[in-house]
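Let's take a walk through this structure together, one stop at a time. Keep the sequence and the 3D view open as you read.

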Amino acid sequence: MHFQWYPGHMTKAKRAMQEDIRLIDVIIELVDARIPHSSKNPDIDGLANGKSRVLLLNKKDMADETIVNKWLSFYEEKGYHTIAINAKKKNELRQVNELIQKACQTKIERDRKRGIKNRPVRAMIVGIPNVGKSTFINSFAGRACAKTGNKPGVTRGKQWIRLNKQVELLDTPGILWPKFEDQIVGQHLAFIGSIRDELIQNTDLALDLIEFLCEYYPNTLSNHYEVNETCDSVAVLTELAVNRGCIQKGKEPNLDKAAFLLLDDFRNARLGRISIETPDKHKGES
Ligand code: G4P
């Protein structure tokens with residue numbers, strides 16, 4: 001299957017982000033824990049301009065824990081301050097605060113030496129659509145936090161959320177678009193539902209997902225849909241359609257409907273915690 005992406009106002013958004021990045025000390029980047037590689041826009045490295053980096057593998061509740069831990073080691077080795085989170089769980093986010101302080105240790109030390117005490121670090125959230133940026137900001141900031149308002153001269157037009165004495169967060173996240181010259185990246189984004197539906201052939205995508213699941217998560221489909229896991233993905237989807245009553249006129253199995261059902265179950269983690277990407281394939285990449 002061939003994926004295409006129409007990035008819209010990407011250049012304008014990138015320029016705005018470049019401006020915002022000047023105002024902050026640390027970039028908090030969110031990726032999807034099931035596909036960290038494909039949900040991470042490489043452009044951010046160029047935009048980051050030497051700022052401290054925090055990388056949050058979000059939606060950990062949907063990803064395979066063992067593989068998530070491998071990804072954490074992978075990114076730590078690359079110099080990121082990283083943890084896996086579930087942005088919906090407010091109580092888990094305390095650790096993020098500690099991580100931000102750790103990432104900004106050099107700046108905090110520098111301030112201290114200059115006699116500046118208790119100046120909060122400034123952070124900005126970035127990530128591709130649907131990784132959970134708004135959910136994270138809502139959970140992390142909570143209701144208790146007041147907006148600090150505009151600060152004329154320095155940050156005109158920007159709203160900051162004072163999280164606590166130590167951290168201020170820019171209230172609008174930086175949206176990056178997924179990037180894929182690589183079709184595999186497109187496929188992985190489509191699996192998790194991060195590519196607009198009209199660009200996708202659901203049936204082809206479901207067949208790809210069946211092949212993936214049979215290889216890496218055997219018995220998932222047989223347990224869930226009582227199908228035989230053969231290497232013929234069309235046969236598997238057909239059996240799934242029959243078992244789940246996806247039938248069209250003439251009593252033919254409706255593969256489109258079955259594909260939608262499978263993708264929907266997968267995207268909502270009803271098939272269990274599944275990671276699409278492992279770091280093994282990306283060792284040696286910058
Ligand atoms: P964005 O700002 O980066 O575009 O993402 P947003 O916060 O809108 O989150 C996209 C979807 O992902 C939302 O689901 C949100 O609830 C869900 N989500 C975010 N973080 C997590 C997480 O850690 N775990 C899980 N399981 N889901 C997460 P939605 O279906 O679009 O909306 P709704 O279910 O909240 O109504």
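Start at the ligand, where a polar side-chain atom of Lys59 sits 3.0 Å from one of the ligand's oxygen atoms. Bear in mind throughout that this is a predicted model. Gly132 also comes to 3.0 Å from a ligand oxygen, but with a backbone N or O atom. Then there's Ser134, which brings a polar side-chain atom to 2.5 Å from an oxygen atom of the ligand. How much of the ligand does the protein cover? On its own the ligand has 710 Å² of accessible area, and the protein covers 62% of that.

Now look at the whole ring of neighbors. There are 15 residues around the ligand, and the closest are Asp61, Asn130, Lys133, Ser134 and Thr135. Sort this shell by character and you get five nonpolar, six polar and four charged residues. Which element gives the most to the shell? That's helix H6, spanning residues 133-141, which contributes three residues.

Since H6 has come up, stay with it for a moment. Its buried residues are Lys133, Phe136, Ile137, Ser139, Phe140 and Ala141. Here's a handy bit of background: an α-helix has 3.6 residues a turn, so residues three or four places apart point the same way. Just after H6 comes Gly142, and its phi is positive, near 65 degrees.

Phe136 also leads us inside the protein. The largest nonpolar core has 85 residues, and the members touching the most others are Leu56, Leu57 and Phe136. Helix H8, residues 202-216, supplies the largest share of this core, with seven residues. As a rule, nonpolar side chains in soluble globular proteins tend to be buried together.

Let's zoom in on one of those three, Leu57. You'll find Leu57 in strand E2, which covers residues 52-58. Is Leu57 buried or exposed? Leu57 counts as buried because its relative accessibility is 0%, and the cut-off for buried is under 20%. Leaving aside residues up to four places away in sequence, Leu57 touches Val31, Ala33, Pro36, Val68, Trp71, Leu72, Tyr75, Thr82, Ile83, Ala84 and Ile85. Another way to see how the chain folds back here is to pick out Leu57 and Asn86: they're 29 residues apart along the chain, with C-alpha atoms separated by 8.4 Å.

Step a little further along the chain to Lys60. This residue lies in the loop between E2 and helix H3, the latter being residues 65-77. Lys60 has 27% relative accessibility, so it counts as partly exposed. Lys60 and Ile85 are 25 residues apart in sequence, yet their C-alpha atoms are 5.6 Å apart in space. Setting aside residues up to four places away in sequence, Lys60 touches Ala33, Ala84, Ile85, Asn86, Glu92 and Arg273.

Next, go back toward the start of the chain, to helix H1 at residues 10-22, and look for Asp20. Why does Asp20 count as buried? Because its relative accessibility is 8%, below the 20% limit for buried residues. With residues up to four places away in sequence left out, Asp20 touches Met124, Lys158 and Leu170.

Two residues with unusual backbone angles are worth a stop. Most residues other than glycine have a negative phi. Asn219 has a positive phi near 80 degrees, and it isn't a glycine. Asn219 sits in the loop between H8 and helix H9, residues 220-225. With a relative accessible area of 45%, Asn219 is partly exposed. Ala269 also has a positive phi, about 60 degrees, though it isn't a glycine. Look for Ala269 in the segment after helix H11, which runs over 255-267. Ala269 is partly exposed as well, with a relative accessible area of 24%.

Finally, zoom out to take in the whole protein. You'll be looking at eleven helices and nine strands. The protein has 286 residues, and 48% of them count as buried. Among contacts with a separation of 6 or more, 69% are between residues 24 or more positions apart. As for the outside, the protein exposes about 15000 Å², with carbon and sulfur atoms supplying 47% of that.

Methods
Residues numbered from 1 in each chain as written. Predicted model: local features only at pLDDT ≥ 70, side-chain atom pairs only at ≥ 80, totals over all residues. Heavy atoms only, no water. Near = heavy atom within 4 Å. Polar contact = N/O pair within 3.5 Å; in protein donor to acceptor, adjacent residues only side chain to side chain. Areas by Shrake-Rupley, 256 points an atom, 1.4 Å probe, with all protein chains shown as cover. Helix = DSSP H or I, 4+ residues; strand = E, 2+ residues; numbered from the N terminus. Nonpolar A, V, L, I, M, F, W, Y, C, P; charged D, E, K, R; others polar. Core = buried A, V, L, I, M, F, W, Y, C linked by side-chain atoms within 4.5 Å. Buried < 20%, exposed > 50% of the residue type's maximum accessible area, 1.4 Å probe, protein only. Contact = heavy atoms within 4.5 Å.
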